[in-house]
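Notebook open, coffee poured. Here is what I looked up, entry by entry.

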Amino acid sequence: MGLSLGLPGRVSPRLSLGSTASRGPSHTGACGGQGAPPRPPAEGARAFETLDGPRGGALGSREILERPAPAASMADSLLLLKRVPSRHTWLRARKARPQLILSRRPRRRLRNLRWRSRRRLRRRLLQAQAAGGDWLQGGCLVSGAAALQRLKTSSRRRASSPEPAEDPIPSGPTILPIPPVRPAGSGRAVLLLPLGQGFTFSGICRVTCLYGQVQVFGFTISQGQPAQNVFSTYTHSRLTINAVHYSVHDKSKKEMKREARVLLRPYLNQDDRYCLMSSFSPLCSIVLLERLKTSTVNFIISHPGLSYIFVQEVRTFQINSEYFALRSVGIRREKKKTGLRLTESAFAAMEELVSISSEEADSCPVILVCGCQDIGKSTFNRYLINQLLNSISCVDYLECDLGQTEFTPPGCISLLNITEPVLGPPFTHQRTPQKMVYYGKTSCKNNFENYIEVIKYVFSSYKREAPLIINTMGWVADQGLLLLIDLIRLLSPSHIVQFNSDRSKYMPDLTPDFVDDMDGLYTRRKSRVRNRGFHLPEFAENLEFADEEKESPVMSTGYKLMFVKSEFVTGKTPRNRESHNRVLRELAVLGYLSQLQPPVPKPLCALHGLTPYQVPFNAVALRIIHADVAPTHILYAVNASWVGLCKILDDVRGYASGPILLAQSPICDCVGFGICRGIDMEKRLYHILTPVPPEELRHVNCLLVGAVSIPQCVLKSQRGLEGTIPYVTTDYNFKLPGASEKIGARESGATHKEKGHPKAKFYRKTYQCS
């Protein structure tokens with residue numbers, strides 16, 4: 001009688017997101033407004049423009065310049081009073097606080113005034129500001145009465161002396177106008193951005209540039225281009241939509257305003273158009289924000305505790321039209337300080353790399369990015385990819401970081417061709433690589449030789465038809481530094497971008513002379529090289545890792561070293577770094593499993609309700625690549641595990657019975673991943689659930705099991721689960737070969753029984769292979 005280990009439609013995870021994800025409660029999206037739209041500049045007022053630095057439109061440091069604004073009539077000052085006639089007078093007075101800063105005494109006096117007196121006082125303050133009243137005197141805030149007195153003095157001075165051509169830069173804090181947002185129907189909003197202004201937000205949305213040109217995460221979206229899906233999550237820095245300079249072909253302000261008004265007619269009514277266009281200035285950009293629904297997002301937020309990644313509910317005290325407009329889209333405005341900020345050195349390095357890649361059509365630089373952990377390498381890579389895609393059609397990407405992969409589940413070394421912008425964290429853009437090898441672990445410690453061999457195998461597929469970005473690990477101390485030197489000699493980059501930070505551990509400057517004078521783990525310094533005429537193919541054939549006396553014939557070629565001073569601030573500490581990285585890895589696995597879901601607007605399907613593939617025992621070979629497992633328990637380890645679907649050169653068909661076991665871990669192509677949902681011992685079948693298309697599955701003849709596990713939320717938090725959860729029980733047999741108390745709970749079972757709530761542990765039945 002056969003034994004089936006897989007219950008119908010059930011899967012088994014190992015890791016849990018509950019310890020970290022449960023910190024943030026599940027909420028619905030909301031966004032707080034930040035006051036009314038800024039009023040147009042009045043006569044004599046100072047209009048502050050935010051001009052881009054050397055990298056136009058980038059998220060770096062900017063200069064604040066002051067220029068004279070066009071004259072405006074008194075009606076412009078009174079227009080702000082009529083926008084929201086239903087609000088309380090005190091709230092209307094508070095709307096002017098960003099422009100009109102009152103001391104405590106005038107505020108107390110303002111509370112005692114009647115509503116008509118308040119309106120009259122506010123009107124006079126607006127007139128004072130429009131006439132050029134200075135609200136700062138020696139760094140202290142002055143009252144409204146003193147401002148009116150200054151108004152009279154400044155008016156007499158203007159009558160006697162002409163106005164200077166340009167006012168000096170103010171010494172006090174500069175308050176930039178808030179970009180106005182108007183609702184455009186259910187799930188849509190229109191945003192107007194003056195040149196140099198940015199809109200920092202959290203949440204997900206679809207961004208379309210209706211007029212002008214904006215930049216998101218380094219990628220430029222122009223008028224008429226397709227909309228882009230933008231993911232500004234709470235696991236990473238918030239993204240910002242920045243208005244950048246564009247060509248106007250000698251158009252006047254009136255012509256530009258007429259064009260913008262025509263483009264807004266399908267989206268806004270007459271009142272909203274008038275309100276939005278009152279803030280229009282030359283070189284403004286208008287953006288349409290739409291609610292975004294994808295199967296990836298819907299699948300991730302369907303698990304309890306994970307909805308906080310995209311939207312968090314916060315208490316707001318300003319309920320206005322902007323609040324409801326952004327909430328309808330599913331985003332909320334954030335403070336500028338929470339947005340992504342890159343240093344000038346990072347922009348300088350990207351500007352040089354982009355110019356090298358775009359000026360020469362045949363130039364394909366190989367860019368290696370290195371640095372310690374949590375210093376901003378991945379953020380730099382995404383920004384650089386988007387910058388390159390503004391001028392070229394595609395970018396190649398070599399992933400050498402096993403723990404925090406960008407486009408694949410963790411534990412992979414892959415080569416990809418990127419043709420679309422990267423506007424979100426890794427779990428929102430899982431893609432199919434050109435070539436991928438499943439290494440099976442999130443660290444290469446204690447197995448450097450296999451790590452080098454896998455990188456050589458994947459790098460051999462690089463065609464040198466597009467610029468290549470190489471992402472490396474954050475382990476740059478001791479043996480990690482020596483391994484990085486081996487990679488530099490192996491991959492021969494043309495440019496190396498090295499990240500440094502004041503808070504990071506010391507890392508020597510990887511100059512060509514330093515690399516040539518250092519021994520790596522498997523390569524020798526330049527002075528000890530005997531045969532200098534070998535190239536990369538000879539390196540792959542002649543390098544023997546076991547022979548310490550043999551001198552490697554490989555030597556580093558010349559490259560340009562570029563330094564980036566990082567000011568990246570992370571909330572990770574050495575204590576919680578591992579748990580935080582584990583959550584990101586599990587989110588990447590969930591992002592990959594979301595490919596099993598039907599496209600929107602179809603409803604989600606529970607994984608335990610999907611039909612798996614049936615794979616005979618004698619059709620595929622098995623290998624556990626992260627640990628030594630007894631052959632009698634190999635199926636025990638494969639069942640309910642995350643498996644890599646691979647292709648090996650050997651023909652495994654023709655065996656009468658199985659399972660077929662491999663003696664060593666192969667270096668072979670991996671076409672994708674799946675879940676071994678169950679094993680039918682009677683029919684001798686594996687039940688595999690995977691999003692890989694059937695035409696690719698025909699070439700799969702090997703299943704590799706590594707240390708990457710299925711997130712526990714997939715098992716415990718799926719919708720529709722009732723009764724006993726398969727593969728999870730409070731009983732665990734520690735007498736099984738390979739079992740120990742370190743597997744499962746961190747505390748012993750007796751301790752949990754004393755507390756009255758047994759700790760859930762994984763359990764799979766044992767059997768003998770026949």
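I started with the weak spots of this predicted model: pLDDT (the predictor's confidence in each residue, from 0 to 100) stays under 50 over residues 157–174. For that stretch I found 16 contacts beyond four places in sequence, a contact being heavy atoms within 4.5 Å. Residues 741–770 also have pLDDT below 50, and there the model has 57 contacts beyond near neighbours in sequence. For the protein, I noted a mean pLDDT of 75, with 66% of residues at 70 or more.

Ground rules, for my own memory: residues are numbered from 1 along each chain as its sequence is written, and side-chain values use heavy atoms, without hydrogens and water. Local features need pLDDT of at least 70 and side-chain atom pairs 80 or more, while totals for chains, interfaces and linings use all residues.

Next, a helix pair. How do H7 and H8 pack? Helix H7 (residues 253–264) meets helix H8 (residues 270–277) at about 145 degrees, with the axes 11 Å apart. Helices here are DSSP runs of H or I, at least four residues, numbered from the N terminus; axes are lines fitted to C-alpha atoms over the stretch in contact, and angles run from 0 to 180 degrees between N-to-C directions. On the H7 side I listed Lys257, Ala260, Arg261 and Leu264, and on the H8 side Arg273, Leu276 and Met277.

Last, cysteines. I searched the whole structure for disulfides (cysteine sulfur pairs within 2.5 Å) and got 0. Cys205 is buried, as its relative accessible area is 0%, and buried means under 20% with a 1.4 Å probe, protein chains only. Cys676 is buried at 0% too.

Conventions:
Helices (H or I, at least four residues) and strands (E, at least two) are DSSP runs, numbered from the N terminus. Buried means under 20% relative accessible area, exposed over 50%, partly exposed in between (1.4 Å probe, protein chains only).
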